[in-house]
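Fancy a few exercises to get to know a new structure? Try each task by eye before you read the solution.

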Amino acid sequence: MELTVYRQAAKTRPDGTVVYKGEDALPYADSRLLMVADGLGGAAAIRHSSIKPELFVEDTLIDTLFSGVYDDYSDPVLQEYVKNSFFELRAVKDCYTDNVNNIKKSGYFASRIVSAIVLRELLYNDTFAPASLFSSLEKLTSDKERNEAVAKTGEHFTELIAKKLRMIADNANIFYESSYAGLSLLGTTLTAMLYRELGGKTEVILLTAGDSRPYVWTEKDGLCQLIRDEERPDGGMTNYIKIDDDEGFKINCRYMEFPRPCVIFAASDGCFDSGSFISPLAFEKTILEAARDSADTEEMSSRLHDFFSEYGRHDDSSTIAMKLSGFTSFDEFRRAAERRLAAADKLYFSQMPQLLEEDFIGEYERSMADAPDEMSLLISQLKANENVRTYCEEAVRDEAEELTEDDEGIRNAAELRTSARGEVKRLAAEIAADESDNSDLNGMLDAVKSFHAAKDTYESMHSEKYAANLKAAADKYWADNSAAIISAVRSGKNSYPPELSAEISAAADALSKKLADLGANAEKQKSLFDSYNNTYLMYIGGEQA
């Protein structure tokens with residue numbers, strides 16, 4: 001039993017044309033191969049506007065890609081897969097260059113072409129067909145010989161992909177455009193799982209490059225990641241497929257075997273990097289709940305598609321290729337999933353109901369990163385408290401008034417106000433001296449207006465400047481004295497206003513409790529996650545990839 005999940009973002013144009021935005025290739029799953037490839041929409045974001053027009057036509061697509069590259073590519077499985085892989089391109093045939101967002105990126109072409117190269121090799125080259133490959137490995141008598149054979153398989157696919165990818169790019173007129181300096185040409189990840197079911201085990205040969213992941217799931221151990229992501233701490237990949245002239249890549253190859261029944265699958269990062277997953281346990285839970293609630297593989301695929309449509313929006317695509325190995329029926333797998341969910345509930349969720357709902361670890365780390373200690377957090381929190389601000393402002397009002405009166409702009413405004421008042425007094429005196437002379441009455445009105453304008457300007461400037469100075473002085477007072485004030489209040493030896501003491505005591509008690517609770521929850525959550533990771537990372541070791 002195999003299943004695939006293929007979810008990608010899309011946008012409908014006003015004319016009804018659907019523009020698909022994902023770079024993941026169509027996932028592939030059959031009785032011997034599981035494969036996903038995630039075209040790089042960032043590192044390989046070159047827009048290819050000059051591709052051969054024959055690529056838009058289903059009947060000419062395959063010949064355009066493979067003519068001169070392969071003598072034979074008529075296998076119906078290969079033909080169907082390649083045609084289906086490029087359906088998004090045909091959807092924008094008539095509007096490809098109308099809008100830059102309709103033009104496919106280099107990663108889009110890379111993921112589909114690389115997947116086709118791998119599939120064609122397994123269909124046509126008997127040496128590397130899974131049945132032959134596993135039989136050959138079985139005949140080798142020493143670990144050294146098997147390891148060398150596995151390494152040579154990786155080297156073969158590295159050379160094959162590098163050569164054929166370049167040839168197909170030439171056929172399709174996919175080239176490096178100078179306006180995209182610094183980006184990779186035809187960049188993609190690859191995870192291909194060649195497998196054989198034999199007796200009580202499932203054998204797997206992994207072909208990988210980049211950060212798409214192979215997994216195995218068993219009822220006993222749960223979900224296990226099989227290899228470490230080829231990724232730097234900043235998220236950039238250290239190895240992925242591309243045909244840049246100055247930089248190569250490597251297809252890693254590894255042989256593994258697992259007891260049956262088991263589930264093996266490959267997934268792109270649009271699945272396991274979902275923002276709703278704070279632990280791989282959440283990814284496993286999602287898969288098992290989809291199985292528990294489904295009647296068959298088709299419904300399980302549909303449920304996972306719907307989940308990632310809602311919770312996979314951080315990425316344009318989410319793809320999975322999965323094999324249920326050794327299960328006699330889907331119902332048997334569903335019962336195994338139910339038992340594992342029950343075990344997980346006992347081991348993890350019953351211990352902490354909010355285990356996957358709230359990131360206590362991250363929240364605690366962020367809280368402690370905001371300030372070096374609890375006192376700093378408390379100082380920062382109390383700065384905005386109304387009683388604290390009132391107390392600090394009362395302490396610095398005289399200082400704020402002095403700063404305001406010393407301001408050059410305020411002094412100038414005060415002088416203008418005084419001058420305007422003087423002019424009013426002068427005119428008033430002249431009018432009083434000669435009551436029969438009304439010639440200065442209009443001037444008196446103008447002088448009064450000027451005085452009121454100067455007075456309003458002064459008061460407005462003074463008010464704004466005083467408020468700014470009061471805030472600055474109060475902030476400085478709190479910064480200089482907060483630790484001493486808080487310590488005095490918490491020790492009970494203070495003569496501060498009751499309202500201030502009450503607020504500080506309440507805030508200090510609340511923060512201490514919050515940090516204690518958060519720290520305890522973070523410690524418990526980490527302990528449970530570490531316990532889970534002991535098996536999740538059993539094949540690769542070290543910290544979570």
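## Exercise 1: A loop residue

Task: Find Glu-358 in the loop between H10 and helix H11 (360-370), then work out whether Glu-358 is buried, partly exposed or exposed.

Solution. Keep in mind throughout that this is a predicted model.

Step 1. The relative accessibility of Glu-358 is 27%. Buried means under 20% and exposed means over 50%, so Glu-358 counts as partly exposed.

Step 2. Now look for its partners. Setting aside neighbours within four places in sequence, Glu-358 is in contact with Ile-278, Glu-363 and Gln-525.

Step 3. Finally, try a distance. Arg-397 is 39 residues from Glu-358 along the chain, and the C-alpha atoms of the two are separated by 45 Å.

## Exercise 2: A tyrosine in a helix

Task: Locate Tyr-81 and say which backbone oxygen its side chain reaches.

Solution.

Step 1. Head for helix H2, residues 76-85, where Tyr-81 has its place.

Step 2. Check the accessibility: Tyr-81 comes in at 5%, so Tyr-81 counts as buried.

Step 3. List the contacts beyond four places in sequence. For Tyr-81 they are Ala-25, Leu-26, Pro-27, Tyr-28, Ser-115, Ala-116 and Leu-119.

Step 4. Pick out the polar one asked for. The side chain of Tyr-81 reaches the backbone oxygen of Leu-26 at 2.6 Å.

Step 5. Take one more look at Ser-115, which is 34 residues from Tyr-81 along the chain. The C-alpha atoms of this pair are separated by 9.3 Å.

## Exercise 3: A serine in a strand

Task: Is Ser-317 buried or exposed, and how far is a polar atom of its side chain from the backbone nitrogen of Glu-23?

Solution.

Step 1. Ser-317 lies in strand E12, which covers residues 317-325.

Step 2. With a relative accessibility of 1%, Ser-317 counts as buried.

Step 3. Among the residues in contact with Ser-317, neighbours within four places aside, are Arg-7, Gln-8, Gly-22, Glu-23 and Asp-24. Ser-268 and Gly-270 are also on that list.

Step 4. Zoom in on Glu-23: its backbone nitrogen lies 3.5 Å from a polar atom of the Ser-317 side chain.

## Exercise 4: Rings in pairs

Task: Name the kind of aromatic pair that Tyr-20 and Phe-87 make, then do likewise for Phe-330 and Phe-333.

Solution. A pair of aromatic rings is described by the distance of the centres and the angle of the planes.

Step 1. A search of the whole structure turns up 25 aromatic pairs. In the one made by Tyr-20 and Phe-87, the ring centres are 5.1 Å apart and the planes are at 70 degrees, so this pair is edge-to-face.

Step 2. Where do these two sit? Tyr-20 is in strand E3 (residues 18-20) and Phe-87 in helix H3 (residues 87-91), so to speak a link between distant parts of the chain, 67 residues apart. Both are partly exposed: Tyr-20 has a relative accessible area of 24%, and Phe-87 has 28%.

Step 3. Move on to Phe-330 and Phe-333. Their ring centres are 5.8 Å apart with planes at 75 degrees, so this pair is edge-to-face as well.

Step 4. Phe-330 and Phe-333 both lie in helix H10 (residues 330-349), three residues apart, or about one turn of the helix. Phe-330 counts as buried at 6% relative accessibility, and Phe-333 counts as buried at 1%.

Step 5. For a bigger group of rings, there is one aromatic cluster formed by Tyr-215, Phe-265, Phe-272, Phe-277, Phe-283, Phe-307, Phe-308 and Tyr-311.

## Exercise 5: Empty space inside

Task: Say how many cavities of 30 Å³ or more the structure holds, and which element supplies the largest share of the lining of the largest cavity.

Solution.

Step 1. There are two such cavities. The largest has about 40 Å³ of space.

Step 2. The lining of the largest cavity consists of Trp-217, Val-263, Phe-265, Glu-284, Ile-287, Leu-288, Met-322 and Phe-333. H8 supplies the largest share, three residues.

Step 3. Sort that lining by type: seven residues are nonpolar, none polar and one charged.

Step 4. The second largest cavity has a volume of about 30 Å³. Its lining divides into four nonpolar, no polar and three charged residues.

Technical notes. Residues numbered from 1 in each chain as written. Predicted model: local features only at pLDDT ≥ 70, side-chain atom pairs only at ≥ 80, totals over all residues. Heavy atoms only, no water. Helix = DSSP H or I, 4+ residues; strand = E, 2+ residues; numbered from the N terminus. Buried < 20%, exposed > 50% of the residue type's maximum accessible area, 1.4 Å probe, protein only. Polar contact = N/O pair within 3.5 Å; in protein donor to acceptor, adjacent residues only side chain to side chain. Contact = heavy atoms within 4.5 Å. 1 Å grid on protein atoms, 1.4 Å probe; cavity = no way out; pocket = protein on both sides within 12 Å on 5 of 7 lines; lining within 4 Å. Points joined across faces, edges and corners; volume = space filled by probe spheres on them. Nonpolar A, V, L, I, M, F, W, Y, C, P; charged D, E, K, R; others polar. Phe/Tyr/Trp six-rings, centres within 6.5 Å; stacked < 30°, edge-to-face > 60°.
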